[in-house]
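Colleague: Please take one part of this model and go through it closely, side chain by side chain. After that, set it against the rest of the chain.

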Amino acid sequence: RGWDEPVARQYLEVVDATLNHPNAALDLRVPGLGLYMSSLLDATDSYVHGTARRRRAESADAACEAASDAWQAIPLQLYGQEPAATNTQLDIYRAQLGLPQIVRDTGGGGNEEIALIVTAAVGGMAAAVILGAFAFWIVATLRRKRALERQAEATIKKQIVSAVDALKEIQAPLALIRASDFLEIGSLQSHEALRDKGVLHFVDTTSQFIETVFTRYVTVFFSHQ
């Protein structure tokens, strides 16, 4: 049985208002999205919970700094060269938002040279220099855009292959509870409370799930979404 109509309408209204809010920001749409999300979860999980495997962060600032350091390293993992790696990722992100590329100073003193040429030039020569420079900028910008698009496409293809491989393994432990235990509880309880009662059963691999659960029991899956 689906949602009642008033509940479904209210849900859609909330989603519509969220997406059309002037301060709304869509999820990241850049190469390496999985790396960004996993590194952020590692930093926050270390601060909130802390385990023997991952030392508890001393403060929220320390957790944020750890996440920031991890994010700064991701472009280098994807493209292998700084500062071009960070600039490439930033250009891709701005393109996804419909924003123009950032004009960067190469430090070569080109602006001063152009200023001297324009100052010294007269009449038609000045116009020719300006038009030529503008045409060159357009061509260079288009080439750069095409190169970024090809690079982004190659990275996304690589991500898809990695994602398909990842589907063969369970990325997080699967928590199961017997139907009889679930009915006996009588009300919804938190994961931690059920874990402490010892009624949760955990499966860590796909093969374990198939061998011990899928072929022997009927499984009902509840998502947190």
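**A close look at Tyr-11 and its surroundings**

Modeller: Tyr-11 is partly exposed, because its relative accessible area is 46% (buried means under 20%, exposed over 50%, and partly exposed in between, with a 1.4 Å probe and protein chains only). The model is a predicted one, in which local features need pLDDT of at least 70 and side-chain atom pairs count only at pLDDT 80 or more, while totals for chains, interfaces and linings use all residues. Residues are numbered from 1 along each chain as its sequence is written, and side-chain values use heavy atoms, with hydrogens and water left out.

Tyr-11 sits in helix α1, which covers residues 5-19 (helices, H or I with at least four residues, and strands, E with at least two, are DSSP runs numbered from the N terminus). Tyr-11 also belongs to a nonpolar surface patch of about 740 Å², along with Trp-3, Val-7, Leu-12, Val-15, Leu-19 and Leu-26. Patch members have over 30% relative accessible area and no salt bridge; nonpolar side chains (Val, Leu, Ile, Met, Phe, Trp, Tyr) are joined within 5 Å and like charges within 9 Å. The areas come from the Shrake-Rupley method with a 1.4 Å probe, and for residues only the protein chains shown count as cover.

Helix α1 also holds a charged pair. Glu-5 and Arg-9 form a salt bridge, with 2.4 Å between the closest N and O atoms (a side-chain nitrogen of Lys or Arg within 4 Å of a carboxyl oxygen of Asp or Glu). Why can two such side chains pair at all? Side chains of opposite charge can do so when their charged atoms come close. Because Glu-5 and Arg-9 are four residues apart in helix α1, about one helical turn separates them. The two partners are not equally covered: Glu-5 counts as exposed, because its relative accessibility is 56%, whereas Arg-9, at 42%, counts as partly exposed.

Now the rest of the chain. By this rule there are four salt bridges, and the bridge in helix α1 is one of them. Another is a salt bridge between the side chains of Asp-91 and Arg-144, at 3.6 Å from N to O. This pair links distant parts of the chain, since Asp-91 is in helix α4 and Arg-144 in helix α6, 53 residues apart. Asp-91 is buried, because just 3% of its relative area is accessible, while Arg-144 is partly exposed at 33%.

Thr-88 is found in helix α4 too, which takes in residues 84-96. With a relative accessible area of 6%, Thr-88 is buried. Setting aside neighbours within four places in sequence, the contacts of Thr-88 are Tyr-79, Arg-144, Leu-148 and Gln-151 (contact means heavy atoms within 4.5 Å). Arg-144 therefore appears in both settings, as a contact of Thr-88 and as the salt-bridge partner of Asp-91.

Helix α6 holds a further bridge, in which the side chains of Lys-157 and Glu-153 meet at 3.5 Å from N to O. Both residues lie in that helix, four residues apart, about one turn. Glu-153 is partly exposed, because its relative accessibility is 45%. Arg-150 is in helix α6 as well, which spans residues 123-166, and at 54% relative accessibility Arg-150 is exposed. A positive surface patch is made by Arg-150 with Arg-143, Lys-145 and Arg-146. In that naming Lys and Arg count as positive and Asp and Glu as negative, with His and the chain ends not counted.

Two residues further along complete the picture. Ile-185 lies in helix α7 (residues 179-185) and is partly exposed, at 22%; beyond neighbours within four places in sequence, Ile-185 contacts Ile-177 and Leu-194. Ser-207 lies in helix α9 (residues 206-214) and is partly exposed at 41%. The C-alpha atoms of Ser-207 and Ile-170 are 9.5 Å apart, though 37 residues separate the two along the chain.

For the chain as a whole, there are nine helices and two strands, in the order α-α-α-α-α-α-β-α-α-β-α from the N terminus. Of the 225 residues, 13% count as buried, Asp-91 and Thr-88 among them. The accessible surface is about 17800 Å², with 61% belonging to carbon and sulfur atoms. Of the contacts between residues at least 6 apart in sequence, 50% join residues at least 24 apart.

Terms used:
The place of a charge is taken as NZ of Lys, CZ of Arg, CG of Asp or CD of Glu.
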